[in-house]
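Biologist: Could you take a close look at one part of this model for me, the backbone and packing details I would otherwise miss? Please go through it in one piece.

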Amino acid sequence: MKAKVAINGYGTIGKRVADAVSAQEDMEITGVVKTRPSFEARIAKEKGYQLYAAAKENIDDFRKSKLEISGTLDELLDEADIVIDATPGDTGEEYKKLYEKHGVKAIWQGGEEHELAGFSFNSEANYKDALGRDFARVVSCNTTGLVRVLYALDSAYGVKKARVTLMRRAADPNDIKTGPINALVPDPIKLPSHHGPDVNSILPHIDITTMAVKTSTTLMHLHALNTELKNKCSEDDITKLFGERPRIRLVSSRDRIKSTAEAMELAKDMGRPRGDMWENVVWKDSISIDKGELYFFQAIHQESDVVPENVDAIRALCGLEKDGMKSIKKTNEALGITAL
Ligand code: NAD
């Protein structure tokens, strides 16, 4: 039996998770929820997804736009085993009671607080702890990117401390509400940015401090990492370690990938849907050990890196697969996350 998945909030993250779920053999989309008719709603129908209105009062809007609606969120929840809540940050809480009422499991996104779900998820770091839970939160794009590399480093060499500067994209490419900006904005101005504490919601023992700057770009985030490791290793050891991780893609400036622009072009040339780059993009020629400390750069595609983690989180909560690495393998194979 396939797990029946509902998507509440069919925007940047929700529509990508819907397609990623549809690509898996052990889960299927029962329906997607929109607040109002839009081109995204129309395309969702064309893809064969059942469309549901967020509330009864929205239904007329859909009818006027000649978009057939299968019911409301309330009705969809009767059919589903689990809901992916990808509504805008801080909206998820209003739905928690509804999910509980319908006895449906729920996965929220990084815009929500850890406390809402009581459990923050990353596929490699804590899949086992998610097994059978009712609620989880897939951490934000930046935190997912940080946990992937820090978990790998910590497991292999022990992380004594991590100091990270995040250069954040100001808005998503489709966003006309928040951008563009013509400035570099320290955000927040005072230490720490929320990313360090958020990493600690999954890896509580890691000594991490983060600073963040909002930048005039929509493509990707860029992280500059400096870590002190407990055990000695070489630059080649780190390259090998990252090269073996399932969601880290090593690139090189010698290959003419010198920026987030070329990293995005790589994803498009690979034929990725929507030009998505699900993996952390780590520059192998940035990996440097200097005075005993490790430095490197990575780029994170904010619109898509959390998508495979959502698929794994569904598997863990629904108990479809007990072994995290097996789930990661299934997800990666179904999506086509393979080495170049
Ligand atoms: P989005 O604005 O692109 O999409 C949100 C969708 O939810 C929209 O379709 C909107 O119409 C719908 N919506 C709004 N209010 C609703 C309601 N009350 N009920 C049902 N649907 C409603 O947002 P997004 O970027 O996909 O973000 C969703 C979540 O994912 C947030 O928690 C965000 O922090 C997190 N996240 C976003 C990114 C990113 O870069 N976009 C990356 C990782 C995590």
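Modeller: Arg 256 counts as exposed, because its relative accessibility is 58% and the cut-off for exposed is over 50%. The model is a predicted one. Arg 256 sits in the loop between β13 (248-251) and α11 (260-269), and its phi is positive, about 70 degrees, although the residue is not a glycine. Most residues other than glycine have a negative phi, and most peptide bonds are trans. Asp 90 is another non-glycine residue with a positive phi, near 70 degrees. Its place is the loop between β5 and α5 (93-102). With a relative accessible area of 60%, Asp 90 is exposed too.

Two peptide bonds also need a mention. Asp 187 and Pro 188 are joined by a cis peptide bond with omega of about 5 degrees. The bond from Leu 191 to Pro 192 is cis as well, with omega near -15 degrees. Pro 188 belongs to the loop between β10 (185-186) and α9 (195-200), and Pro 192 is found in the loop between β10 and α9 too.

The part that repays the closest look is helix α12, residues 307-317. Eleven of its eleven residues are buried. That list includes the charged side chains Glu 309, Asp 312 and Arg 315, which fall under the 20% cut-off for relative accessible area along with the rest. After the helix comes Gly 319, whose phi is positive, near 65 degrees.

One partner of α12 is helix α13, residues 324-335; the two axes come within 9 Å and cross at roughly 135 degrees. The pair is therefore oblique, since 135 degrees lies between the perpendicular range, which ends at 115, and the antiparallel range, which starts over 145. The crossing is right-handed. On the α12 side, the contact is made by Pro 308, Val 311, Asp 312 and Arg 315. On the α13 side, it is made by Ser 327, Ile 328, Lys 330, Thr 331 and Leu 335. By class, four of these residues are nonpolar, two polar and three charged. The charged ones are Asp 312, Arg 315 and Lys 330, and the polar ones are Ser 327 and Thr 331.

Another partner is helix α1, residues 12-22, which packs on α12 at an angle of about 55 degrees with the axes 9 Å apart. α1 and α12 are therefore oblique to each other, because 55 degrees falls between the parallel range, under 35, and the perpendicular range, which starts at 65. Here too the crossing is right-handed. Arg 16, Val 17, Ala 20 and Val 21 of α1 meet Val 307, Asn 310, Val 311 and Ile 314 of α12. This contact has six nonpolar residues, one polar and one charged; Asn 310 is the polar one and Arg 16 the charged one. An α-helix has 3.6 residues a turn, so residues three or four places apart point the same way. Val 311 takes part in the contact with α13 and in the contact with α1.

α1 is mostly covered as well, with nine of its eleven residues buried. Among them are Lys 15 and Arg 16, together with Ile 13, Val 17 and Ala 20. The buried residues of α1 pack against β1 (3-8), β2 (27-34), α2 (39-46), β5 (82-85), α12 and α13. α13 thus recurs as a neighbour of α1 and of α12.

As for cysteines, a search of the whole structure finds zero disulfides. Cys 318 is partly exposed, at a relative accessible area of 24%, whereas Cys 233 is buried, at 17%.

A last buried position is Ala 54, with 18% relative accessibility, in the loop between β3 (51-53) and α3 (59-64). Leaving aside neighbours within four places in sequence, Ala 54 is in contact with Val 33, Lys 34, Thr 35, Leu 73 and Tyr 95. Its C-alpha is 5.8 Å from that of Thr 72, although 18 residues separate the two in sequence.

Key. Residues numbered from 1 in each chain as written. Predicted model: local features only at pLDDT ≥ 70, side-chain atom pairs only at ≥ 80, totals over all residues. Heavy atoms only, no water. Axes fitted to C-alpha atoms, helices over the stretch in contact; angles between N-to-C directions. Helix = DSSP H or I, 4+ residues; strand = E, 2+ residues; numbered from the N terminus. Left-handed = near helix turned anticlockwise from the far one by under 90°. Contact = heavy atoms within 4.5 Å. Disulfide = S-S within 2.5 Å. Buried < 20%, exposed > 50% of the residue type's maximum accessible area, 1.4 Å probe, protein only.
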